[in-house]
Amino acid sequence: MANVQSVELSQLVEKLNLKNVTPDIDMAGRQLTTPEINRPALQLTGYFDHFASERVQIVGYVEYTYLQSRTHEEKYPIYERFFSSNIPCVVYTSQTKPEEEALELAQKYQVPLFVTESKTSNFMAEAIRWMNVQLAPRISIHGVLVDVYGEGVLIMGESGIGKSEAALELIKRGHRLVTDDVVEIHKVSDDTLIGRSPEITKHFIELRGIGIIDVKTLFGVESVKETQQIDMVIKLEEWDRDKEYDRLGLTEEYTEFLGNKIVCHSLPIRPGRNLAIIVESAAVNHRQKKMGYNAAQELYRRFQENMSKKR
């Protein structure tokens with residue numbers, strides 16, 4: 001089941017290198033539950049209808065200069081209503097800093113204040129990108145995720161069918177492991193799924209008969225990767241002599257995670273098949289299709305032309 005996540009405010013502060021100007025305010029246990037942020041331009045003029053108070057609040061250069069133009073009597077009641085609205089925090093960007101009224105009311109209502117030298121648009125883009133990943137709906141599945149020529153290949157199949165062995169061979173051929181055994185899938189948009197490893201199993205592969213190996217230690221830091229977009233799925237299954245397998249690939253098959261469809265290939269396993277080379281070829285072929293060339297369609301076109309000439 002997918003579930004909506006929360007992220008600690010302190011993680012955002014650390015990730016974006018924010019300077020805390022209210023260190024006396026305790027941040028322990030403060031959670032962010034939405035990746036969206038708010039620039040309180042209308043709120044600072046006194047309009048609080050439809051105020052998204054649950055979001056991180058951003059005060060940029062425009063808001064700062066507007067406040068500078070108001071008298072203490074004009075802005076103090078607006079500040080009070082703003083800080084008393086149970087907002088998670090306020091970030092001052094573009095080398096701006098909180099006024100005395102803001103510092104006083106932040107202490108009164110226990111709202112952390114931060115400053116950053118980043119420009120407002122740059123900070124907003126980075127904050128939204130990071131929080132989108134951290135707060136995205138997610139599921140955990142059984143499989144192996146590998147970066148093959150820049151394509152995220154999710155290898156699935158029954159336990160013991162050879163997923164980890166295929167991943168190890170791919171690593172030896174210069175590709176990168178993201179996660180083995182458990183894949184955390186994050187839905188960061190309607191088009192994008194990001195896979196990552198649980199912290200406890202990061203960089204480890206289990207090989208039956210050998211045990212646990214540390215890929216990063218054995219093959220170096222270039223052999224692993226923290227996260228990867230999932231571009232295609234390969235399902236390994238036992239060879240079934242009576243089953244019809246696709247030999248042309250004219251039509252795409254898909255599997256679905258969190259409402260997103262991903263191209264899926266079923267790959268029958270039998271002795272003598274080199275899984276690593278097949279996975280490499282599938283990844284390159286998928287990349288070629290995204291660039292506008294489909295080998296199956298080209299073969300079909302040539303076949304049709306040849307038939308026309310014979311007629």
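The following exchange takes up burial, aromatic pairs and nonpolar cores in a predicted model.

The model is predicted, so that local features need pLDDT of at least 70 and side-chain atom pairs count only at pLDDT 80 or more, while totals for chains, interfaces and linings use all residues. Residues are numbered from 1 along each chain as its sequence is written, and side-chain values use heavy atoms, with hydrogens and water left out.

User: Why is F48 called buried?
Analyst: Buried means under 20% relative accessible area, exposed over 50% and partly exposed in between, with a 1.4 Å probe and protein chains only; F48 has 10% relative accessibility and therefore counts as buried.

User: What makes the pair of F82 and F83 edge-to-face?
Analyst: Rings of Phe, Tyr and Trp (its six-membered ring) pair if their centres lie within 6.5 Å, and planes under 30 degrees apart count as stacked, over 60 as edge-to-face and the rest as tilted. The centres of F82 and F83 are 5.2 Å apart with the planes at 70°, so this pair is edge-to-face. Ring pairs also link F48, F51, Y79, F82 and F83 into a cluster.

User: How do you know that the buried residues of helix 2 are on the same side?
Analyst: Helices (H or I, at least four residues) and strands (E, at least two) are DSSP runs, numbered from the N terminus. In helix 2 (residues 61-68), E63, Y64 and L67 are buried. Because they cover an arc of only 100° around the axis, they lie on the same side of helix 2, where the arc is that of the directions from the helix axis to the C-beta atoms. The face turned away from this buried side carries the exposed residues Y61 and V62.
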